[in-house]
Each structure stands twice: as structure tokens, then as C-alpha cells.
Protein chains: 4
Amino acid sequence: MAGNTFGTLFTVTTFGESHGPAVGCVVDGCPAGLALSGEDIRAELRRRRPGGAGRGLGASTARSEADEPEILSGIFEGKTLGTPIAIIIRNTNQRSQDYDALKDIYRPGHADWTWEAKYGLRDHRGGGRSSARETAGRVAAGAVAKVFLAGYGVEIRAWTAAIADIETPKPGEPGFDFEEIERNPLRVPCKESAERILKRIEELRAEGDSAGGILSCRVTGLPPGLGEPVFGKLDARIAEAMLSLGAVKGVEFGAGFGAALGLGSEMNDRPLPAPAGLKGSLPPDVPGLSWRSNNAGGMLGGISSGQDLEFRAAFKPVPSVSKPQQTVDRIGAVRELAVRGRHDVCIIPRAVPVAEAMTALVLADLILLHRSSRV
Amino acid sequence: MAGNTFGTLFTVTTFGESHGPAVGCVVDGCPAGLALSGEDIRAELRRRRPGGAGRGLGASTARSEADEPEILSGIFEGKTLGTPIAIIIRNTNQRSQDYDALKDIYRPGHADWTWEAKYGLRDHRGGGRSSARETAGRVAAGAVAKVFLAGYGVEIRAWTAAIADIETPKPGEPGFDFEEIERNPLRVPCKESAERILKRIEELRAEGDSAGGILSCRVTGLPPGLGEPVFGKLDARIAEAMLSLGAVKGVEFGAGFGAALGLGSEMNDRPLPAPAGLKGSLPPDVPGLSWRSNNAGGMLGGISSGQDLEFRAAFKPVPSVSKPQQTVDRIGAVRELAVRGRHDVCIIPRAVPVAEAMTALVLADLILLHRSSRV
Amino acid sequence: MAGNTFGTLFTVTTFGESHGPAVGCVVDGCPAGLALSGEDIRAELRRRRPGGAGRGLGASTARSEADEPEILSGIFEGKTLGTPIAIIIRNTNQRSQDYDALKDIYRPGHADWTWEAKYGLRDHRGGGRSSARETAGRVAAGAVAKVFLAGYGVEIRAWTAAIADIETPKPGEPGFDFEEIERNPLRVPCKESAERILKRIEELRAEGDSAGGILSCRVTGLPPGLGEPVFGKLDARIAEAMLSLGAVKGVEFGAGFGAALGLGSEMNDRPLPAPAGLKGSLPPDVPGLSWRSNNAGGMLGGISSGQDLEFRAAFKPVPSVSKPQQTVDRIGAVRELAVRGRHDVCIIPRAVPVAEAMTALVLADLILLHRSSRV
Amino acid sequence: MAGNTFGTLFTVTTFGESHGPAVGCVVDGCPAGLALSGEDIRAELRRRRPGGAGRGLGASTARSEADEPEILSGIFEGKTLGTPIAIIIRNTNQRSQDYDALKDIYRPGHADWTWEAKYGLRDHRGGGRSSARETAGRVAAGAVAKVFLAGYGVEIRAWTAAIADIETPKPGEPGFDFEEIERNPLRVPCKESAERILKRIEELRAEGDSAGGILSCRVTGLPPGLGEPVFGKLDARIAEAMLSLGAVKGVEFGAGFGAALGLGSEMNDRPLPAPAGLKGSLPPDVPGLSWRSNNAGGMLGGISSGQDLEFRAAFKPVPSVSKPQQTVDRIGAVRELAVRGRHDVCIIPRAVPVAEAMTALVLADLILLHRSSRV
């Protein structure tokens, strides 16, 4: 399968360059009969926009993208037809000439050179297809998957867990508030932390520098049994999805890297009998279970356990900084480059809906695959 | 594609349960004309065996597996035919009755219950297909991939970077020695660290407990251009491969989670002109590059940069511990379980050849996919 | 893989309903650096249009489709980027209300009922996605594949070999003229036959009836070695492609069903030494061959032989006829239906570019796959 | 996906060369909980064996193959586990030295040369992987699929419809008897026809020649809704499956090539209200239908209609004939070749279980895919 399609049954193919006519996606395999509207998709795209997360935030990109999705197929009288759902989002306000200076120079930390090493040429305008702009198609597709998952009671929530060295409270810790996440432009689950981070971001902006951080994600309502051993494990699929985002440098599930430090007797999550009647979608003769802890992060042997799916992803700092950097140009000469223009200081707040979208696409696919587990 | 096949062009399908007649693999898509012998495969399987890494090590599993591969197809007069290479490894010394006591109980930290939740039944003997025994098929397939990669000058080396809280030196640090890795049963790149860790393992064994740790991997000789954006990125594929191993809870590339803490101006690897003549497999008009640092871990935008591919994987502790643990049985009653039998205190030394095999399979596939990048 | 994607490396995903906003395709995996223009695509779409083949022909559909393709991605400065090429074609002149009468009735010979049986609902306007309109996306994608193939010297030519019981001359027979095919609206390779068929079509139109026929296709310039045994054989892939067209009821290669009647000593194509110097893309030590005959139709064991690929496809008559037919409606009552509107009497002339497009997509994919045959 | 795997959810990967150690298959994606025994597989392999169809028939191959399957994985206590089912069949009685004379010569009508043109080398013993021996793995896999389909009430029956120019009665015609098929070694559904054909085969054998013919297949009990438009249509998948058999040169569905001759008003199958209560697996609000005729062969728009699936495949004559034929050797010299050894005069009787197996694999896959059609 070529590299721009993701999934086996609930699939997405994305397309588009940052400064081409449009970006978009084709969702194929979404079951028929799902009530779906343009607003479902628009709402998620709005969360990804600079004017969304970045509203009132110095960190926002200045590019104003309307990001109005147009659904070209797959929906009739408000319901999915079982046919491919094609969605396009026009690129506007492109100012391609801004990028003329970058045509023959390789930006540090960007894919400019590796792209040329692979394909022999590239669209230099705004990073072409390696731009974060590409993720708009993912978010549109993920919006479809989210509506599908909602029918199963599955809910996905990601947030900014850390920016640079400032960590925010974890679920259950004082100050953590799920409701706060979408109230502040940083998508931090704690108002006080948000203010501290905002200050730091302004400092970095003034210095012409940028920050990375950690994104956390929690999925509730997931039925047990999802994941396709041995290669299509739930965590393998999520890891693949997260690392398919250009800025992500690591991912961990449950106790994650911390699990490497613990002892077996500590890290094993102890099963408990499930509350009476809790049987869910289990096969006959298989008892319900609950657990004392969730170090495993929601799966065992790559199959969902019915606990919350929990993972964290590490993002490197935004590579476009206005501090001057040494680099090399097309003829192999050393050049100094200060990247000008509209760049986020930190990408994580805007990556939150993208990470949710990718998670939704994985889970929708695994739910469909699971339908074939038993005769 | 069903869950037991990995790859697009250079593919592997594995099969087999721990205590069934055999485990094995079918490698499909290996190009024709590759010189390949049974010894190539046998040598890698030997590295995976308890009697290999664990030789002389209290940590070794007592199960003596001959792990003699039988090649059923795909090779003729010492060369690959371009047809599927099927390899089987008989399961011997199985003692299935050892597992009768586990038939109706769910071991903490194991996939016993999730497997039943998915499929409605399971082979309880030795964990069935969720056993680490399954990885023998991967190692056999990876051995084929390694021979293919050797023709490109690509070399993969993994080692034990940490067990429990004892870290071992990193490449370039005092005490690190690549040659030491295969000399000690722990696959630690430092003799002194090996001794400290061995002592710790013996303590844990005495306590009836187990340890996790960190595995590091470095790949040298990788040509630039490998990786299929946007979903088949090099790091996405490696992450998927690593998380397809049951005990892995996290993966990171280059600076990894540490990259989340740095500034853009620090984390960007600065390009330098390549030494004269270094052009490798680059398209015309694309200059060679080198870099001052490798925080990115060998790829940019998910495409290999020609730098070393570097990643780390976190392993949770072995869940089978002889310390008594509370759990639940098939009728939903609480039970106490002390897992007896032949279990590693730490799996990482034996996971080293498995991680290398999965890496080799990803890279062989990406090399073939890359052949279609340009007209 | 969901049902609307075709191919492994050179892939196409099509989307769109007959009376939705647009139809289109995403071509993923087309190698980078291919010179491609909008006119390449427009020219093929023009051949598929009613106003193309049907010009001046009573058989033409009255629907006037501009079929102007818009390329949304994948091309930069006149060359393919190696990224997905998304192309959309707006549906215009839709007159959806024409179809209100068909909302609750199942047309004989159409997919109305089976579509509902599968998905539980359908877009009844113009057949929705089961409309021949869907093939516009295939033709646009096939145009890209054709340009790619042209670089290899591969040329695909299909024509109308028979309509109803009127056969047209075969290549080599008196009257056959390749140049004539695109000169007449029926795409018949013989002017005289075209006139006879045209007369018959007018009779059928007057009777409110329709015709089927045979389409022939010949591919020249194909290098030997294409096809992926055992399941991805050249003929298997072409057969799959042809039967993916709704009206096709059969396909045959070379001597085809006639081969079933012959003797082995007759049907075997005898090899001859190739003319001196004819070696093409063959591996070292493999001699060139030529053949006395081509009963096999261009492949042996599913691998192209370097001879012309030759196949024929049988098309059933257009099911929409204005003669009254008995059928059943949504409540299970018997109804009489005379399908009114703009329908071709015979679909084959317009199917010619579609069959060529599907053939091109198969061959482009097989050329890329073949790049991995040898080390 | 590499060329030796077939299917999306219910998949088979076959492996093995004619004179290597073994042939076999891995079935991945068979749902868990299916009662399956070795005898289910053995019985189908027995039907494929020379000693089966060929019993008492001069046409039989002399090679005595025990064809004893060994199941290596995927079954536990008589039920499928949901894990890959690996089955191997050892090659015995190989007499590889019989083939030494063919090492450097290209047999007319065989894949010897095209295989070398693709891969640069081949296993010349018995045709290597292009041998019909390869189909043993398909039959073993198909046996699993048949057991799965039996649970749905789906039954597949193929037979010899014609050998050379002798046709046998069609279903409904005088002399046709389903029960007769497995009673005679030719798998002809009519005792009298069998005798006539047998005589003809003996004549051909005496002349050192061979015959082709037609295989018919009918599937009963198929639920409506199977098939994945637009590329995974039921007929497209069956056509791909049939043309993946080396000797097949054409396939047709229902009225097939005959449909090309008819008028729309004749060929359309008229719907009728279904008998009361016949609703089957239909979604709510979709009425049951029946039809007056089955020219379509069991599908409309590539989706099964609930009618019998009916198709025919044309087989070319066996290319190995003992009559001397001119051909070319490795150095490009003209040679005369009389193929000696154990060859069928006609392959169709033994192809019957193979065609059934491929059909079963397609249908099992489509049943699983169909599970995701609706929310």
C-alpha cells in the first residue's frame, strides 16, 4: 500500500501540499448509516486552526486559514452511504512568494533535504507535503471516525502535558481539570499551569526560539478485545499513528519508560472481579474483570483490556526559529538562515486534535477488524 | 491484511503457538538471487535461545530449545528464488501438562484474559500465541532481511542499555564497547556494568521478582531516502515494529523524550557540507550533507537522512513472578497465584536479536519501497 | 484494504456518486519526476464523455458533462512530486429530480436492490456510486498511468470488437484499421462495420431496447517479467480490473475460450530465437525469445512474455431500456417500469477509455512491483 | 502486498516449489471457534490428488503423492484459535533427476522462460513454483474456508463442463446429475458424457497430445450483500482468483460472453416479490426479492443478489505433450523437445477442487468484509 493510506478497513488517504490548491482526505470503509454532518468535520478543523487553539495566544500562527471543509461524496440525506467520503479544504492566504528565499536552502530540522534525497525534487513552498498543513486532512477524517466511535461510547481526550520543562498536573493530581483543556489556548488541563507556560512561550518568542513538550491522551469507553496480534497490536497501531506525525520523537503507554524501572511484582496490574453485571461485549464463558491499577495503559498483549487507553507522545521543538542558524544550500555552501514568518513557538496545542484524530482512526479500524474475530 | 503479516513488499507472516507442533514464518517478497544458507538463519536463532544469551546466567530459562530451522521453500542451489521462503522451527520439550494449573486462571500482566475477551478461547499452554516463543519466527525472517541488508552495507546492532535502574554506558561514553555486547550473556556493552546487573538479577531471582529495562539500537550504513511519507515514515514503521513486541511499553528516537525539554535552537541538527565525493545514492542535483549532531536519530520528516538510525525501547518487567499475586479465575473468584517454572528475570538480553530482526524487516521493506520513488 | 482502492504501489482510490458534488480520484505511488499536465488528464476524460465517443451518434447520452478535471495536489512546476495526486471532476447538469420516481423501485439489471441489501440505504439519484459516472475518476487516474507507461514505450489500445451480434474485423483481417478507431463514434476499427452497427443501434433505440458487445484490447511494448505469481499474475490482475466494471460479464486472454477447444500441440506458442541484439530488460544469462504465435495473449505463468498483451471483455446490454419491464418496489409490490431519460443504447464505445485506464493502472503497478524482483 | 498472499481479512499465503521439501499455506484471519479437523483438510487434498480424480483413468499422473497435511498451528482442542493456521504437505517421490534434461531448455507453453526473465533464475525441477503442485496449498486453505462457509449454509460445487470439443449437459438439461460428478474420475456430471470423454482422452494420450476444456461452478446459499464495490466486486474477486490459476485463459459469469449477444430487454433478470417470510440477512426496510432468471450469474453491481453464483472458466490444453515440439535453449539455439513423464492429458478434473478452494477463499473473505458494511 502506498504511503498516504492508513488503516485496513476504516481507511484514510490524505493528499495535498501546503501551498497547492487544497488538502484533503478520502475516508473509505466507514460503515453505512452513520449520521454525519459537515458541522461534525468543521468543528474538529476549527480546533486545529491557529485561530482556534492559538486565539489570543502569542504562540499562534498568523496565517488565517478558513479551513472550510467541502464534502464531495459518501453522504446522502445526512447519512453515510458506505462509499468513500472525500473531503477537501482549500488552501487560501498562501503567499507562496514568501518562500522563494527557501527554494535553494535546506532548513535545519526540516525535511527539505531528505525529501529531495528521496524524490529528487520538492515543493519548497511552506514545506510542501511535509508541512503540518497536511494534518488538516487527518483531522477531517478523524472527525468521521470520532462520530463512529461515539456510537460505541468511546471518547478520546488529549491535552498538553508539558511544554519545555514545565509539566502540568496529571489526572487525579491537584489542579488537573478536564474541563479546563479546551478553555485555554494551550490546551493545558490546569489554569495556573497555563499561565506559567504562556509566560515562558512569550519569552521564547522574544528570544526567537521554540519549545517542544509532551502530549497526553486518554481514551475512555473502549471495549475489550481490540487489537490484532501479533503485528496489529493496539499499542503498535497507536505508536505507528503517533510517529507518523513529523514532530513526534517518542511514545509511551501506561507507565511507559517508567515501567522499565519497576519490578514485576509492582508493575503487574492485579485483576479483580468485575462489578456484578459488567460483562459488556465479552464472549460467553468469559468473566468480566477490573483492575487495581493501569500500568499497562489499557491493553495486555496488544489487546484492549477495557481499561482506559493511556499514552504520551514527545514532541521536539518547532524547527523554524528566527534565531540565526548555520545550514547548507543546494550548491553545498554554508549559509546562515533566520527563519522568518508565521511560526508557532510550540506545536502541541494544535497537535491535540491531530493526535485525537489519528487515535480515532486507529480505534475505528480496530473495531471493524474485531468484528471478524469470532465465527 | 490480517494481523500476522508485516510489511508491504518484503513481508513476513509468522505462525505458531508456544506448545503447538511448530512456530515459523513465511518471508514473501525477498528479491531473487540473494545468497542465503540455513546457517544464516540458525545463527540468529541461536542468539535468541535461552542457551545463547542466558548461557551461564541465572536469568536463563531452563527450557532447552534446539531451535533448528527447517527451510521448506524459496531457496534453490543456495540462492533465493523470489518465491516465498517458509521456515519452521519445531517446538520440543514442551511439557504442556505444566500449564494445566493455568487453564482457568488469568495471570496478572499476561494476555490470558484479553485473548479470551477477543477470541472467546485460548491455548493456555505457555501463553499460546502470546508467548515470546512466537518471536522465533520473527528472528528467522529477520535473518533473511539482515542478509539482504548486508548487501547494502546496512548493519543493525542492539544492546541492553539498562536493566531495572542500572544504566549502562552510551556509545562514546567511557566503558562502552560494541565488541563486549555479544561477549556477556546480558548483552551489555560494558563488562563492569554486566557484572553489576548480573548481581541485581540474582537478587531479584532470589526474591521471586523480575525486572524491565531499556534496549538501544543503532543502525549504520543506511542510505538516505528511506521511509514512505506520510503514514509509512521510517520512525512510524520502527515504532510499530517495536510495540508489536508484547513487553515493550515505549519507544523513542534520537533525543527522544529528552527532545521535548530542549529548545529549537539546540535540538536542530545543523547541516554541514558533506566530505567531497560523498554522494551515495542521491539523485542528480541533490548535494551530499552531513550533520553536527544527531538529535533526530537518523531521519527528518520520517525519511532517513544517511545518519545512524538510533532508537530506544522500554520493556516492562517480566510478568511471571514467583512472588504470590492476587488474581481472578474463570468463574470470577479471587485466587492467589505464584507463577512457577522457567522464566527469565529480565527479557531484554533475549529481546536484542528480536528487536534487530524487526528492524531489519522494516528496513528491507523500505529499501524495496524506495525503488519506486522516482521515475 | 477497503473496496475503493486499487493497486499495491501505483494505487488509485476513487470516490463520488453520480449526483453528488463531484467524482474523482487520488493516485498514490506515482513516482516523482514525471512530466504531467492537466491536458494529459483532460484528453482522456474527453474520450470518455458522451460528447466524445457519442458525438453525432444517436447512441449518445444527452447529459452534457463538461468533465473538467481539477488537480488538487501532487504536481509542482509540471512534474509529479511523488505525493498523492488528487483530481476532482464536478458533477454538473444533474437534474436529480429526474430520479424521484426511482427512489422506491428496483430497476431490473441494476444494482439498486443489492446495494440496499448490503448497505441498508442508497443514493438513488442516477445510480449513486454504482453509476458509470464513477468511472470518470478511473479515467483520470488511468491518464496518469498512461503517461508513466509511455516512458517505458508501452501503448494500450482498446476498441469495439462487436456490438450485439455484429462482429468487426480482427487485427490482420481485411478492413481492420487501428487509425479508424478514434475516427468514428463507435470506436470500431473498420468504417464499414461502424456504419452497419450504427444502423442497428438506431433500430434498437427505436424499439426502446439496448445492446451489449465485446471490447478488445491490445498492449504493445510491454517488457517481459511483469506479473507477481502466484496470486498477482498479470492476467489475474487484468481480469480483476475488467470485472470491476459493472457491465462486464467475462474476460478472456489470447485464444481465450477458444483455447479450451484446441490441442496442446496446436495451442503452445513455439519459441524462436530472438532477432540478434534483442535483449531488452532481461537479466544476464537469459536469452531473448520470440514466438511463432500468441495464443497465450502475452503472458506465460502470469508473467509477461514480451509479446503483445491481448484480451477481450464481454459487456452485457445496458439495463436501462425504455421498453416496459416488470419489477418490484420497496414494499414488495410488482410494478411496471419504462426507464426514461438519457441512456446509451450500447456502452462499449465509452467503455474503451475506461478499459484502457484500468489496464494502464494494472501495468503501472506491475512495473513498480517488478522493480523488487531481483537483488 | 507480496504476490503469494490472497485476501484481505480471510487470507491465505501459499509457499513451496514442486520439488522442494514441502508446499503449504498459512491461513490468517479465520475467525476463532470454528470446529476444524485434519480430516477436513485431508479430504479436500485427496480430491486433488492424481490417485483421486485420476483413479482408473489413463489421464492420471503417475506420480503418487500421499499429500498428508500436517497442521502446525492455529487449532487447539479441535477449534480454531483465531491465530494463523499453518499447514504443510511434504513433497515425496520427487525424482528431481528426471528434470535434469530440462534445466537449460524452455518448454513451449510453460513459464520457464518468463520466470527467468523476471527473477534471473528458476528451480527447473518440475516447474518449481509455477507447477500445479503449488495448488495443494490453496486446496488446504480452501478446505478451511469451506468449513467456515458451511456454517453459513454456503455450498460450492464445480465440475467438468467440457473437455476439448465435447460438452457435457448443463444443470437442468437431460443427463445432468450433480451426484454423478464425484462418481467418475473426470468429474463430469453425466455418466454417458464421461465415457465419451474418456475415450477421447485415450486417443489423445496415444497421439502424445493434450486437451483443454471448461470448468463450471455453482455456489448455492450465498447471502445477498457480498462484494466490495467498486474494485472488490464479487465477480472481480472471483475472476482474479480463477485467472491466478496458470492454465485458465478466460472466465465468464451467468450468461457471460453470450450476454454480449442479447438485448437489454432479454438479458435483464426480472425481479419478483420473494416468497413470504424470505428476508434472510437483509437490513430493515429492504424487502426480499426473487428473480425469473439468472443471466447475471448471482450478482448485480458486483454485490451478491442471493441467487446462485454461476461462472465458467476456460482452461488451455496441458502444455506438456510428448509430441515433439520445436523450442529454444538457454544459449538461444533451436531444439526439438518431446516432454516425457507423468502428465495429465487434461487438467480440469483435478482443477475442480482447486477452483472450489479459490472460490471458497474469496467468499469467506467477502463474508468477513461484509460484517463492516453497516454501523
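The exercises below, each with a worked solution, deal with a predicted model.

**Exercise 1. The buried side of a helix**

Determine which residues of helix α1 (residues 38-48) of chain B are buried, and why they line one face of the helix.

Solution. Begin with burial, for which a residue needs 20 or more other C-beta atoms within 10 Å of its own. In α1(B), the buried residues are Ile41(B), Glu44(B), Leu45(B) and Arg48(B). Next, look down the axis of α1(B): these buried residues fall within an arc of 100 degrees, so they line one face of the helix. The spacing fits a general rule. An α-helix has 3.6 residues a turn, so residues three or four places apart point the same way.

**Exercise 2. Chain B and its contacts with chains D and A**

Describe the sides of chain B that touch chain D and chain A.

Solution. Take chain D to start with. The contact involves 37 residues of chain B and 37 residues of chain D. On the chain B side, β2 (11-15), β3 (22-28) and β7 (85-90) each supply at least two residues. The largest share, 4 residues, is that of β3(B). Sorted by class, this side holds 16 nonpolar, 16 polar and 5 charged residues.

Then turn to chain A. Here 100 residues of chain B are in contact with 100 residues of chain A. Helix α3 (residues 112-119) of chain B gives the largest share of the chain B side, 7 residues. By class, the side of chain B that touches chain A has 49 nonpolar, 33 polar and 18 charged residues.

**Exercise 3. Strand pairing**

Find how strand β12 (residues 248-253) of chain A runs relative to β12 of chain B, and how β18 and β19 of chain C pair.

Solution. Between chains A and B, the two β12 strands run antiparallel and are joined by 3 bridges. In this pairing, Glu252(A) is opposite Gly250(B).

Within chain C, β18 (residues 325-329) and β19 (residues 334-337) pair in the antiparallel sense over 4 bridges. Thr327(C) is set opposite Arg335(C) of β19(C). The hairpin has 4 residues between the strands, and Gly332(C) takes a positive phi near 85 degrees.

**Exercise 4. The nonpolar cores**

Identify the residues with the most contacts inside the largest nonpolar core, and list what Leu361(C) touches.

Solution. The largest nonpolar core has 477 residues, and Leu361(A), Leu361(B), Leu361(C) and Leu361(D) have the most contacts inside it. Leaving out residues up to four places away in sequence, Leu361(C) touches Phe6(C), Gly7(C), Phe10(C), Val12(C), Ala141(C), Gly142(C), Ala145(C) and Ala241(C). Another core, of 8 residues, lies apart from the largest one; among its residues are Leu282(C), Val286(C), Leu289(C) and Ala117(D).

Technical notes:
Residues are numbered from 1 along each chain as its sequence is written. Chains are lettered from A and ligands numbered from 1 in the order in which they are written. This is a predicted model: local features need pLDDT of at least 70, side-chain atom pairs count only at pLDDT 80 or more; totals for chains, interfaces and linings use all residues. A residue is buried if 20 or more other C-beta atoms lie within 10 Å of its own, exposed if 12 or fewer, and partly exposed in between; C-beta atoms are placed from the backbone. The arc is that of the directions from the helix axis to the C-beta atoms. Two residues are in contact if their C-beta atoms, placed from the backbone, lie within 7 Å. Ala, Val, Leu, Ile, Met, Phe, Trp, Tyr, Cys and Pro count as nonpolar, Asp, Glu, Lys and Arg as charged, and the others, Gly among them, as polar. Two strands pair if DSSP finds at least two bridges between them. A nonpolar core is a set of buried Ala, Val, Leu, Ile, Met, Phe, Trp, Tyr and Cys residues joined through C-beta atoms within 7 Å.
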